[in-house]
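Subject: Structure handover and notes

Dear colleague,

Here is the structure I promised to pass on to you. My notes on what was found in it follow below.

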Amino acid sequence: MFAAGETVRVKDAWPEAAGPVHIRTPHYVRGVTGEVVRRLGAFANPEDLAFGRPAERIALYHVRFQKGAIWPEAKPDDELLIEIFEHWLERP
Amino acid sequence: MNVTEADALRLLAAVRRLLDEKGIVSSAEVEARMAATDAASPGQGATMVARAWVDPDYRALMLEDGTKAAEEMGIMMRGMPPLGVLENTADVHHLVVCTLCSCYPRAVLGYPPFWYKSAAFRARAVRDPRALLAAEWRTVIADTVKVRVVDSTADYRWMVLPMRPAGTEGWDEVRLAAIVREGDMIGVTVPAV
């Protein structure tokens, strides 16, 4: 459970390297630190849903990232706002 | 029979008949959904934007719960993903993209424009949104305004509440709705008069 305003890091995980997966966490944000804006609710885990497996409901957060943390040439205070499932987030 | 090689229309008819027979989804429900999907258009989102511009309570509801705000305007939201609305201000401009596929607020804006699903739009929107907007839409975002790109990656669908342009003082909702375009509600353009 993460609170609004909390600093979080997206796991630097690459499960697609091990076999077929369906992941809703964009590549470019893996391993990047951001800030929780709010909890959007809880939704069936798409990683199971996509394969017709029983899917647990997992908390979904809106997480804000500074563009400069991802692309050095970006205007540093521009932002990305992305929906990230709880099991992809960790405390840095 | 190999279903991957079956004629698509025959397969669709067979699946619909099975759904009906098993009491999962009736033919009438499918027809209603098809009608609502085909009827959805940017005009629906525009009526929400115009209402939000003249009614502060509606604006607050829209930013708090986009699904409820859409339903209040008579838009069919049952069975659709939850709708979130992000407000453009003098300090921040939102741009909506789905880098993983093509998530789009179809319930309130209808079918997405053809370029929305292109790999080029998706890549450029997250990487260099200011140059993308300036080059393709002549939308220049001032340096003093933060660009916040909303990558629609999961279960929500996002639309933008644009800023009401100057020169529209005293206009009624119908007149205001007429100037709100599809692009204004995903942030590639801004309303102007």
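Across which strands does H7(B) lie, and at about what angle does it run to S2(B)? Helix H7(B) lies across S4 of chain A together with S2 and S3 of chain B, and its direction is at about 150° to that of S2(B). Please keep in mind, here and throughout, that this is a predicted model.

The strands under that helix belong to a sheet to which both chains contribute, an open one of 7 strands in the order S5(A)-S1(A)-S2(A)-S3(A)-S4(A)-S3(B)-S2(B), with mixed pairing. Its edge strands, each of which pairs on one side only, are S5 of chain A (89-90) and S2 of chain B.

Where the chains meet within the sheet, strand S4 of chain A (residues 79-85) and S3(B) run parallel and are joined by 4 bridges, and in this region Glu79(A) stands opposite Arg148(B), a residue of S3(B). S3(B) also pairs with strand S2 of chain B (residues 92-97), again in the parallel sense and over 6 bridges, with Val149(B) in S3(B) serving as the bridge partner of Leu95(B). Since 5 of the 6 residues of S3(B) are buried, this strand is largely enclosed by the rest of the structure.

At the end of the sheet that lies in chain A, the pairing is of the other kind: strand S1 of chain A (residues 7-10) and S5(A) run antiparallel, joined by 2 bridges, and Arg9(A) stands opposite Glu90(A) of S5(A). As general background, strands of a sheet pair through backbone hydrogen bonds, either parallel or antiparallel.

Turning to the contact between the chains as a whole, 15 residues of chain B are in contact with 16 residues of chain A. On the chain B side, the elements that give two or more residues are helix H7 (119-127) and strand S3 (146-151), and it is S3(B) that gives the most, with 6 residues. By class, that side of chain B has 7 nonpolar, 2 polar and 6 charged residues.

Finally, a word on the domains of chain B: the assignment gives domain 1 as 3-38 and domain 2 as 41-185, and the centres of these two domains, taken over C-alpha atoms, are separated by 31 Å. By these bounds, both H7 (119-127) and S3 (146-151) of chain B fall in domain 2 (41-185).

With best regards

Conventions. Residues numbered from 1 in each chain as written. Chains lettered and ligands numbered in written order. Predicted model: local features only at pLDDT ≥ 70, side-chain atom pairs only at ≥ 80, totals over all residues. Contact = placed C-beta atoms within 7 Å. Nonpolar A, V, L, I, M, F, W, Y, C, P; charged D, E, K, R; others polar. Pairing = 2+ DSSP bridges. Domains from an automatic or database assignment. Buried ≥ 20, exposed ≤ 12 C-beta atoms within 10 Å, placed from the backbone. Axes fitted to C-alpha atoms, helices over the stretch in contact; angles between N-to-C directions.
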